[in-house]
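Subject: Structure for your review

Dear colleague,

Please find below the structure for your consideration. My notes on surface patches and aromatic pairs follow it.

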Amino acid sequence: MTLPTLAPLYLSWKAFHYDRLDAGRASDMDSAARDLADLVRRQWEAETQARGLDGFAPLPVTWAPANFSFVHDWSDLRSIAAEWPGGCPGTPDDWPSTAVGLSGHDGNIGDVFILRTPARRLLLLGEPGAGKTTLLNRLLLHLLERRATAPEERVPVLFNLGSWHPDDTTLSKLMVRQLRQLYPGLAAPPPAGPATHGAADLAEALLTGQRILPILDGFDELPVGLRAKVLSAVNDEPWITAPLVLASRLAEFREAVHGADLAIGVYGAAGITILPMDAADAARYLRGMPGTAEARRWEPVVAELGTPSPVGQALSTPLGLFLARRYYRSSLEPGYPGRTLPPDPAGLCRDSRFRTREEVDEHLLASFLPSLYGTDAPRAHLVLTRIAWHLEHDQGGAPDIAWWRLRSLLPTRRAARFVALVLGCAVLVTATVTAGATASLTYGAQGDILYCLCLGLYLGLLTALTVAGAHPARVAIACGLVRLVTPSGDIPVLWTFGDLASIAIVVFLGFAVLRRTAARFRSLGSARILALGLAGTLIGAMTQGVITYLVVSVQPMDWTNPLTMSGESLESGARLGLFLGLSYAARVSLSEAAATPGGRLAWAWSRSGCLAALLLSLVLTVIAACVSAAMPSQWGADPSAWTVIVAVGLSIALVTGLAGGIGFGLSVQTPDLATVVGPESVLRQDREASATMTLMTGGVFLVVFGLSVVPLTLTGGSGIFGVSTFALLYTLLGAMLGAIRQTSYILFILTQRHLARREEFPPDLMAFLDDARDRGILRQVRPVHQFRHIDLQRHLARQSRRPTRHGRRTGRLSGMVP
């Protein structure tokens, strides 16, 4: 059974929140280890109480030495420990003369590890549900209690091996990464000194400084082909002599050792195997208070304990006993939903459905939810099976129910359509309003309202279809249809076909180029939005300018010339290409949205953002100048007018570059879980980060481009009209992309509402998870929830099925959470 990976409740501000301390109060390694140990102790004490491991008639667990085919011969192990590099870990006089001395039960697991295990390296093996969680819980508490009086002892921390691939990284790097993920405060730089020389942060310093005792769980969750390689990698670690505990299911560990013909499992490790529950201990646990009517109800079941019958085998593990007692005693406990008469446990022995142990196990697991929810069990089962399916299939069997990872339950196409609708409508409205206002400033009139509406619809459709993942042909056709209904005066048919052809070429060529540009400039982060916009602008302006020149040359008109028309077409081409680039950036951002929640904002000057914004502004200014040059009726040969254009253009480029460095230097950091008390706090921080990121990024560019519109507009020229439209819409889209890409809140809300409409989730998922935690189904491990029993998670996952594309489940969930 997989243990929870500990997460902090409060890693002291003195120790971890380093960026809010002065140099004189910088954290040291001793205080960091002490605060971490205190947190771990409180977490495991809460877990013990929640699981009822310290209540009346606790589950008894006994063990014996592991088979010598897994570990060293005992005499060899004693000799190895006596010559241990760095000194003998323990006191040889305390070591038993034979491995039988490792045998024990319940609370003395700590003494076995500290006193009787020669090298303080232990394999803890057991069958599924045998009590590994219970035993490791007691071991952790013992080690933490011992450390309270011996602060030089290491801090026990649990690490999950389920996601480790030895070919990709070392075990040390895996543990450092998990420490940083679970305790972001440990990413702080360590205090200066010889002991921390070469350590990148506190996490690495604590591990390399021999201050952490690794407890490695999840070995049996690894793919079969990796288990032997993982054991070899553990033995090849530089800290091969460090104390550790490795827990695993017995069959999986045996297969890994024997299948690869390994001499031993873990170098220098002793091993214990959890024994099946003794019939007398199991009977005492089931009966509870002796001599009562409740105790007599269990007599038929007690008679089967210790026998090879299906019931006797199923109730030979602590998990089986816990589930049986929970279900068949549930209605006798205060607060049971429904308060019905309890089911008769004798049915386990008499019912013809239970002919094998597997059938009894499935029945007990299936009865767990009804024992907790009563009449609401079907609705709770629907939600929990969906979550369990997500953990098993989307997260590779990982135990953590992290709300920011639930987005994998949302079909990518649905998420894209929603974002496309929002961005498309925003572009439509903003483009229409901005076009009308700019035309009024430029020409001193309200301008053509229908033209402004068509322009907004043109850019809105382009944005929506591109973000939604539409084929380039559909994008080109939609934009072409809008172009046909846009008022353009009495122009030749050939010119109209030329416009349609240029739109299609820009779209198809733009998609091909932007796909390669997005991959090449991935390292730019959010500033890649600018790079894609710049690439699209160049493609659109050059393509439409050249095509328009050729078409007008073939069929000229008396009132214009090819150079003038091609100059004016630079504006529409640049507009098309720019928003094609930005829309494609939104499309890419959906697939690269943050896999972690957002916390507080950070800022560092973005050189790439400054350079990209500077180039984009210069390109737009040059296009505006070209359009103005194509209008001799306004500019003629007046050199002072061109001086104004150059001066204003360069000043705007410089200010825009400054804004790019500032705006795209904003980033959202992973929240400091040292000050987070639960998933709701993480969700709130991410929501606030998303809103703040949008407002700050949008504000920076809105001010800059808002100031840019005025002087450019006052200089006159239709080319300036396009620049102002580009500026305001770029601000809106860039800010939204930054929020979506660096935070998880928006996609989580989309996922929750989508599954609530399908009646697979309740309207308020967080409230449901908290309710399941209070009922004892889930545990809360600071920022995430977990199933208390990994076998329950796997059982529920088997009950679920992958939803069909248009399928809809039955059962309403609106009243599920009181």
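Val-429 counts as partly exposed, because its relative accessibility is 49%; buried means under 20% relative accessible area, exposed over 50%, and partly exposed in between (1.4 Å probe, protein chains only). The model is a predicted one, in which local features need pLDDT of at least 70 and side-chain atom pairs count only at pLDDT 80 or more, while totals for chains, interfaces and linings use all residues. Residues are numbered from 1 along each chain as its sequence is written, and side-chain values use heavy atoms, with hydrogens and water left out.

Val-429 lies in helix H18; helices (H or I, at least four residues) and strands (E, at least two) are DSSP runs, numbered from the N terminus. Together with Leu-428, Val-433 and Leu-457, Val-429 forms a nonpolar surface patch with about 310 Å² of accessible area. Helix H18 gives the largest share of this patch, three residues. Patches are made of residues with over 30% relative accessible area and no salt bridge, with like charges joined within 9 Å and nonpolar side chains (Val, Leu, Ile, Met, Phe, Trp, Tyr) within 5 Å. Areas come from the Shrake-Rupley method with a 1.4 Å probe, and a salt bridge is a side-chain nitrogen of Lys or Arg within 4 Å of a carboxyl oxygen of Asp or Glu.

A positive patch is also present on the surface, formed by Arg-413, Arg-414, Arg-417, Arg-474, Arg-753 and Arg-757. Two elements, helix H18 (412-443) and helix H29 (745-757), give two or more residues each to it, and H18 provides the largest share, three residues. Arg-757 belongs to helix H29 and is partly exposed, because its relative accessibility is 48%.

I turn now to the aromatic rings. There are eight aromatic pairs in the structure; rings of Phe, Tyr and Trp (its six-membered ring) pair if their centres lie within 6.5 Å, and planes under 30 degrees apart count as stacked, over 60 as edge-to-face and the rest as tilted. Trp-84 and Tyr-267 form a stacked pair, at 6.1 Å centre to centre and 15 degrees between the planes. These two residues are 183 residues apart, so the pair links distant parts of the chain. Trp-84 is buried at 6% relative accessibility, whereas Tyr-267 is partly exposed at 30%.

Trp-298 and Tyr-328 form an edge-to-face pair, because their ring centres are 6.0 Å apart and their planes are at 85 degrees. Both Trp-298 and Tyr-328 are buried. Ring pairs join Trp-298, Tyr-327 and Tyr-328 into a cluster.

Yours sincerely

Conventions: Lys, Arg positive; Asp, Glu negative; His and termini not counted. Charge placed at Lys NZ, Arg CZ, Asp CG, Glu CD.
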